[in-house]
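Subject: Structure handover

Hello,

Please find the structure below, with the sequence. My notes on it follow.

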Amino acid sequence: MSRIGKKPIALPSNVTLSVDNQNVVTVKGPKGTLTQSVDPDISVAIEEGHIQVARPTDQKRHKAMHGLYRSLVNNMVTGVSEGYKLNLEIIGVGYKAAVNNNVLELQLGYSHNVYVAVPQEIKVTAVTEKGQNPKVYLEGIDKQLLGDVAAKIRSLRKVEPYKGKGIRFVGEQVRRKAGKTSSKK
């Protein structure tokens, strides 16, 4: 992880970073504000328009945290400047998706509809075009929260390997299995 930790993070001109006494990093940008508590051993500093993350020693623990916190700060900078998007596709006959007041309503072949309350930080939209599978678009600045919400939605109907029905990321390749073959006479 130390190779990742040594890389400087480019700080865009419209993004500001501050570190307080308790080693809490706050990143502000045009899309919002994110905060992350950093281990007291790891130092975060701004040098010549770049963010540098440093560790005190070469202990295994410090090396691991060095790369981790560098990646977290980089994700925060990217999130507040550009944002993150995830697209999910719902494949199956009769499967539908709709959004009402940040609540995602899914029809996934169960005897009841499934409702998912999406956090306010995430913008969710559902699109159903004629002849196409329903798609759910997620947008947000927090990469970790966005991934958690997408994983929660995906877990409601996992892709099965025989017909490929279920919820998957757009463009995701699903390994298919051959079904039973009829007996020979």
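What percentage of the 185 residues in the chain do buried residues make up? The share is 34%. Please keep in mind that this is a predicted model.

Overall dimensions

The radius of gyration of the chain is 22 Å, whereas a compact globule of 185 residues would have one near 16 Å. The C-alpha trace extends over about 75 × 45 × 25 Å along the principal axes of the chain. About 11800 Å² of accessible surface was computed for the chain, and carbon and sulfur atoms hold 48% of that area. Among contacts in the chain with a separation of 6 or more, 52% are between residues 24 or more positions apart. In secondary structure, the chain has 13 strands and three helices.

Helix 2

Helix 2 covers residues 60-81, which is 22 residues. Its end C-alpha atoms lie 32 Å apart; at 1.5 Å a residue the expected span is also 32 Å, so the two values agree. Several positions in helix 2 are buried, including His62, Met65, His66, Gly67, Tyr69 and Arg70. Further along helix 2, the buried residues include Val73, Met76, Val77, Gly79, Val80 and Ser81. After helix 2 comes Gly83, which has a positive phi, near 85°.

The sheet of strands 8, 9 and 10

These three strands make an open sheet with antiparallel pairing, and their order is 8-9-10. Strand 8 (96-100) and strand 10 (114-117) are the edge strands; each has a single partner strand, so one side of each has no neighbour in the sheet. From one strand to the next, the twist averages 20°. Five bridges connect strand 8 with strand 9 (residues 103-107), in the antiparallel sense. Within this sheet, Val99 is placed opposite Leu104 of strand 9.

Helix 3 and Asp148

Asp148 belongs to helix 3, which runs over residues 143-155. Is Asp148 buried or partly exposed? Its relative accessible area is 48%, and buried would require under 20% and exposed over 50%, so Asp148 counts as partly exposed. Lys135 is 13 residues away from Asp148 along the chain, and the C-alpha atoms of the two are 18 Å apart.

Regards

Conventions: Residues are numbered from 1 along each chain as its sequence is written. This is a predicted model: local features need pLDDT of at least 70, side-chain atom pairs count only at pLDDT 80 or more; totals for chains, interfaces and linings use all residues. Side-chain values use heavy atoms; hydrogens and water are left out. Two strands pair if DSSP finds at least two bridges between them. Helices (H or I, at least four residues) and strands (E, at least two) are DSSP runs, numbered from the N terminus. Axes are lines fitted to C-alpha atoms, for helices over the stretch in contact, and angles run from 0 to 180 degrees between N-to-C directions. The radius of gyration is taken over C-alpha atoms; the globule rule is 2.2 Å times the number of residues to the power 0.38. Buried means under 20% relative accessible area, exposed over 50%, partly exposed in between (1.4 Å probe, protein chains only). Contact means heavy atoms within 4.5 Å. Accessible areas come from the Shrake-Rupley method with a 1.4 Å probe; for residues, only the protein chains shown count as cover. The expected span of a helix is 1.5 Å times one less than its number of residues.
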